[in-house]
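Here's a quick briefing for anyone meeting this structure for the very first time. Have a look at the picture, then read on.

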Amino acid sequence: MTVLEAADGYDTSDAIISRIVAFIFFCSGCFALPATIIIFWLTLRHKQIRNKPINWSIFNFALVDLVFGVSAAMQSASFSGMVDSLTPLQLVTAVIFEHLFTLQAQKRIDCNVAVVTQLIKKHPNEMAGGNNLWYIPQLIVETTVEVVRGFVIVFVYTLIGAVKALLPCGWLPRKSVAGDIVLITGAGSGLGRLLAQRFAALGSRLILWDINEQGNEETAELVKKLGADVHTYTVDLSSRVDIQLAAERVKKEIGDVDILINNAGVVTGKQFLECPDYLMEKTLEVNTGALFWTVKSFLGKMMEKNHGHVVTIASAAGLFGTNGLADYCASKFAAVGFSESLALEIKAARASDVHISVVCPYFINTGMFEGVSTLWPNLIPILEPEYVVDRTMETILTNNPVLVMPRFVYFVYFAKGFLPIKAQLFLGDFFGVTKSMAFFKGRASSSA
Ligand SMILES: NC(=O)c1ccc[n+]([C@@H]2O[C@H](COP(=O)([O-])OP(=O)(O)OC[C@H]3O[C@@H](n4cnc5c(N)ncnc54)[C@H](O)[C@@H]3O)[C@@H](O)[C@H]2O)c1
């Protein structure tokens with residue numbers, strides 16, 4: 001008796017529920033059919049592409065799957081004939097046990113589809129010509145080993161990453177940057193100035209770019225006192241042409257840049273609809289566009305020499321949307337995406353000694369975000385510039401690809417991956433992040 005036949009003539013709701021359960025199992029058991037078709041299709045396609053004889057053993061597998069899967073499904077369905085003699089609970093239990101066969105069959109089918117696909121990819125010649133059934137178990141073992149290996153690698157990297165992120169500064173071995181040519185954009189104040197001083201103390205040669213000539217010269221004076229060789233350029237980083245001209249001059253006058261630190265940034269800090277168009281454009285040009293043109297100017301030589309480092313000072317606003325920072329967040333999300341993609345490109349090019357780092361700090365007490373507030377200063381403090389520079393130097397000198405500050409933000413970023421939006425909004429309010437820009441004043445010149 002089929003499920004549908006069994007359904008006729010019974011009208012108690014218990015029996016109907018029981019039959020529905022059996023019917024659902026029946027349908028899922030029939031999964032065997034499309035899976036079998038996929039296996040046939042893969043095999044035929046393989047013949048089409050390779051124009052070689054088909055390995056008929058694959059068909060044997062497919063047929064076994066089909067018979068096993070469908071017969072188990074039919075058995076599940078046949079339970080529906082007993083609905084009048086069993087309570088719904090007994091019936092559901094019986095069907096579930098019976099259906100375990102079907103599920104096993106389905107697992108086998110899933111596995112075989114994967115196996116055949118892999119088989120064709122990895123052993124095209126053997127699969128086309130031979131009839132060697134040992135490839136199937138061999139491949140199952142290979143796949144299992146690969147999956148287990150993958151899990152172990154992810155676990156070990158996660159452990160190392162977590163330990164590195166939590167270690168205090170100065171514990172990890174650092175590379176030498178003595179004699180390296182370091183170009184810092186936005187060196188006329190804030191983080192840029194402090195970074196210049198740190199590199200000067202380590203014996204690097206410095207190239208300082210800023211639109212603010214006076215600030216840039218002041219930084220140069222400070223680093224000269226530390227004995228550094230320093231060169232200043234007045235560059236408008238919102239202009240591609242300006243960047244390219246300055247880059248040519250640097251290459252001619254000083255040489256190839258070893259470490260490029262894209263630090264210059266601007267913020268408007270206004271609600272989106274109140275934000276003048278030209279300021280939004282400037283935000284994108286300085287915070288994102290400048291990354292393209294500087295990197296394009298200097299990365300080539302780094303790749304050629306297999307020596308170099310590109311550092312992007314992005315922001316935690318490049319990881320989370322923030323009320324009152326729509327254009328800034330857009331530009332910093334882009335900066336993070338750019339940096340991540342660049343790192344992948346360089347890895348693919350096997351330039352093992354060219355490094356990419358992106359730095360994502362929360363608000364810093366440099367004046368750029370003057371007036372912003374935090375509700376939980378112990379957990380998410382407004383950061384001190386010295387601390388940010390300590391950790392940024394650690395990141396650069398240890399070739400760390402990503403730095404997020406303060407450390408608590410790592411957990412928030414992790415949670416963002418799986419928390420529903422409403423929960424995220426609640427937490428945003430709870431931690432005061434959604435209102436952090438309410439009293440923003442900023443630095444007038446930075447948005448000019
Ligand atoms: N201050 C923060 O709260 C904070 C938080 C996260 C990330 N950041 C990022 O850190 C970086 C440094 O910020 P800061 O706090 O030192 O700010 P800052 O204002 O002190 O420094 C920015 C520098 O960029 C320069 N600059 C601006 N527009 C320019 C242009 N068109 N051409 C050339 N130079 C230009 C400015 O003259 C200034 O010297 C920025 O990219 C910023 O977005 C800052």
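Before we get to the strands, one term: two strands pair if DSSP finds at least two bridges between them. Keep in mind that this is a predicted model. The protein chain has 448 residues, and 37% of them are buried. Its secondary structure adds up to 15 helices and 7 strands.

**Strand β6 and its neighbours**

- Let's start with β6, which covers residues 354-361: 8 of its 8 residues are buried, so the rest of the structure largely encloses this strand.
- Both faces of β6 are covered, with V354, I356, V358 and C360 buried on one side and H355, S357, V359 and P361 buried on the other.
- β6 pairs with strand β7 (residues 402-405) through 4 bridges, and these two strands run parallel.
- One of the residues on β6, P361, has M405 in β7 as its bridge partner.
- To get from β6 to β7, the chain crosses through helix α13 (residues 385-397), and this β-α-β crossover is left-handed.
- β6 also pairs with strand β5 (residues 308-313), again in the parallel sense, over 6 bridges.
- Here V311 finds its bridge partner in S357 of β6.
- Together with helix α12 (residues 326-348), β5 and β6 form a right-handed β-α-β unit.

**The nonpolar core**

- Nonpolar side chains tend to be buried together in soluble globular proteins.
- In this model, the largest nonpolar core holds 76 residues.
- Which residues have the most contacts inside that core? They are L183 and L206.
- Leaving aside residues up to four places away in sequence, L206 touches V182, I184, A196, F199, A200, V223, A228, D229 and V230.

**Around the ligand**

- How many residues surround the ligand? There are 30 of them, and the closest are G186, G190, L237, G265 and T366.
- By type, the residues of this shell split into 13 nonpolar, 14 polar and 3 charged.
- Helix α8 (residues 190-201) gives the most to the shell, with 3 residues.

**Contacts across the chain**

- Take the contacts in the protein chain between residues at least 6 apart in sequence: 71% of these join residues at least 24 apart.

Note on methods: Residues are numbered from 1 along each chain as its sequence is written. This is a predicted model: local features need pLDDT of at least 70, side-chain atom pairs count only at pLDDT 80 or more; totals for chains, interfaces and linings use all residues. A residue is near a molecule or strand if its C-beta atom, placed from the backbone, lies within 6 Å of it. Ala, Val, Leu, Ile, Met, Phe, Trp, Tyr, Cys and Pro count as nonpolar, Asp, Glu, Lys and Arg as charged, and the others, Gly among them, as polar. A nonpolar core is a set of buried Ala, Val, Leu, Ile, Met, Phe, Trp, Tyr and Cys residues joined through C-beta atoms within 7 Å. A residue is buried if 20 or more other C-beta atoms lie within 10 Å of its own, exposed if 12 or fewer, and partly exposed in between; C-beta atoms are placed from the backbone. Two residues are in contact if their C-beta atoms, placed from the backbone, lie within 7 Å. A crossover is right-handed if, with the strands pointing away from the viewer, the path from the first strand over the helix to the second runs clockwise.
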